[in-house]
Amino acid sequence: MLGFACICNTLKDSGRFKTVTVKTLTKLSDEDQAKKLKATAVDNLYNSLQILKWCKENDILMYRFSSDIIPLATYVESWHWWEDGDVQNMCSKIKSFVEENKIRISLHPDQFCVLNSDKPHVVQNSIKHLEYLNTLSNMIGNKLLIIHTGSTVGGKEKAIQRFIESFSLLSKDIQSKLALENDDKSFGALDVLPICETLGIPMIFDIHHFNCLNTGESLSDLRQRIINTWKGRRPKMHLSSGKTGFNDRHHGDYINEEDYRAALKFAGEDFDIMLECKQKELALLRIRENEACSHTS
DNA sequence: CTCGGTCAAGGATAC
DNA sequence: GTATCCTTGACCGAG
């Protein structure tokens, strides 16, 4: 099964997300601030639902939500978004739709969520960010929050220890949703696997990140260990192509043929594949077209 | 209207 | 320490 992330180009404006800047917000009265934040949040939730419906119509049953649905979620104290009736209403519509259609959903915190930072305030902010995403997750029926290990300050060993310490500070609810993904610069598959095994959380295998960062380990050696971290749940992996070549860290617009074949080979019958390329759903549709062509020829 | 500098949030790197 | 870049999509002020 294939899925895509965040934006749906096909839906034009209703396939994207709006946000609010602090600069704009501070020019408004308290009342107008709440109005603006609410209008944006409800709009973003509505658009998320439109994308899910589009997915269903197109037989795409895996989707990753934008993490920016609630604007300035952990920054503004004046509006309790989770207590807003209209927000709750939109969330429950999303939750029902996801459950009825068995769509596999997930959320990624942004890059500034660094659980293993050496700066205590950064860890606190990261936990706040995860708490926001966890609350939203419970409202829309999401069970998977995918994060990276984070910083390497002080060396990888110490950084991993800090990650494990921060993990222990999280609520059980958040812990049960977290999955850890290998990255392309610092923490490779062989760094992430032991952390996942220690903490008992699933590992998201990103095959493009693996291509950018590995120490010569073979895919076949990793495969079963990764599957084991999912403890019977169906594993999920990420796929993208380098913009200018095999191990260019920048993501390309589409998935190229060789990368797709390699991912399919790794996935076998076991993994769902989340596409992470610039052209989102268009890349997924292109893969399908190519497969249809090769079947008929 | 379009364009391009800017934006809550962190980190890595070079000096 | 400080400056600068990484990186993403949308904002927003200038023209």
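Domain bounds here come from an automatic or database domain assignment, and I keep that in mind for every entry that speaks of domains. I also note at the outset that this is a predicted model.

**Entry 1: the largest pocket**

I began with the largest pocket, whose lining takes at least three residues from domain 1 (2-6 + 61-68 + 101-296) and at least three from domain 2 (7-60 + 69-100). The space in this pocket comes to about 1,300 Å³. I looked up its lining next and found 37 residues, with R64, H108, Q111, H148 and H251 lying nearest the centre. Strand 2 (62-65) and strand 4 (145-147) are the elements that give two or more residues to this lining. When I sorted the lining of the largest pocket by residue type, it divided into eleven nonpolar, 13 polar and 13 charged residues.

**Entry 2: the largest cavity**

I then turned to cavities, and the count of those of 30 Å³ or more came to one. The largest cavity has a volume of about 30 Å³, and the residues that line it are L37, I70, P71, L72, A73, V76, W79 and W81. I checked the character of this lining as well, and it holds eight nonpolar residues, with no polar and no charged ones.

**Entry 3: DNA strand C**

Which residues come closest to DNA strand C? I found 13 residues around the strand, and the closest are F17, T21, T24, K27 and H250. The surface near DNA strand C divides into two nonpolar, five polar and six charged residues. I asked next which parts of the strand face the protein: of the atoms of DNA strand C within 4 Å of the protein, 97% belong to sugar or phosphate, while the rest belong to bases.

I followed this with a look at individual contacts to phosphate oxygens of the strand. For H250, a polar side-chain atom lies 2.4 Å from such an oxygen, and for T21 an N or O atom of the side chain is 2.6 Å from one. K278 also has a polar side-chain atom placed 3.3 Å from a phosphate oxygen of DNA strand C.

**Entry 4: helix 2**

My last entry concerns helix 2 (residues 30-57), for which I compared an expected span with the one in the model. The helix has 28 residues, so at 1.5 Å a residue it should span 40 Å, and this agrees with its end C-alpha atoms, which are 41 Å apart. Looking just past the helix, I noted that helix 2 is followed by D59, and that the phi of D59 is positive, near 60°.

Notes: Residues numbered from 1 in each chain as written. Chains lettered and ligands numbered in written order. Predicted model: local features only at pLDDT ≥ 70, side-chain atom pairs only at ≥ 80, totals over all residues. Heavy atoms only, no water. Helix = DSSP H or I, 4+ residues; strand = E, 2+ residues; numbered from the N terminus. Expected span 1.5 Å × (residues − 1). 1 Å grid on protein atoms, 1.4 Å probe; cavity = no way out; pocket = protein on both sides within 12 Å on 5 of 7 lines; lining within 4 Å. Points joined across faces, edges and corners; volume = space filled by probe spheres on them. Nonpolar A, V, L, I, M, F, W, Y, C, P; charged D, E, K, R; others polar. Near = heavy atom within 4 Å. Polar contact = N/O pair within 3.5 Å; in protein donor to acceptor, adjacent residues only side chain to side chain.
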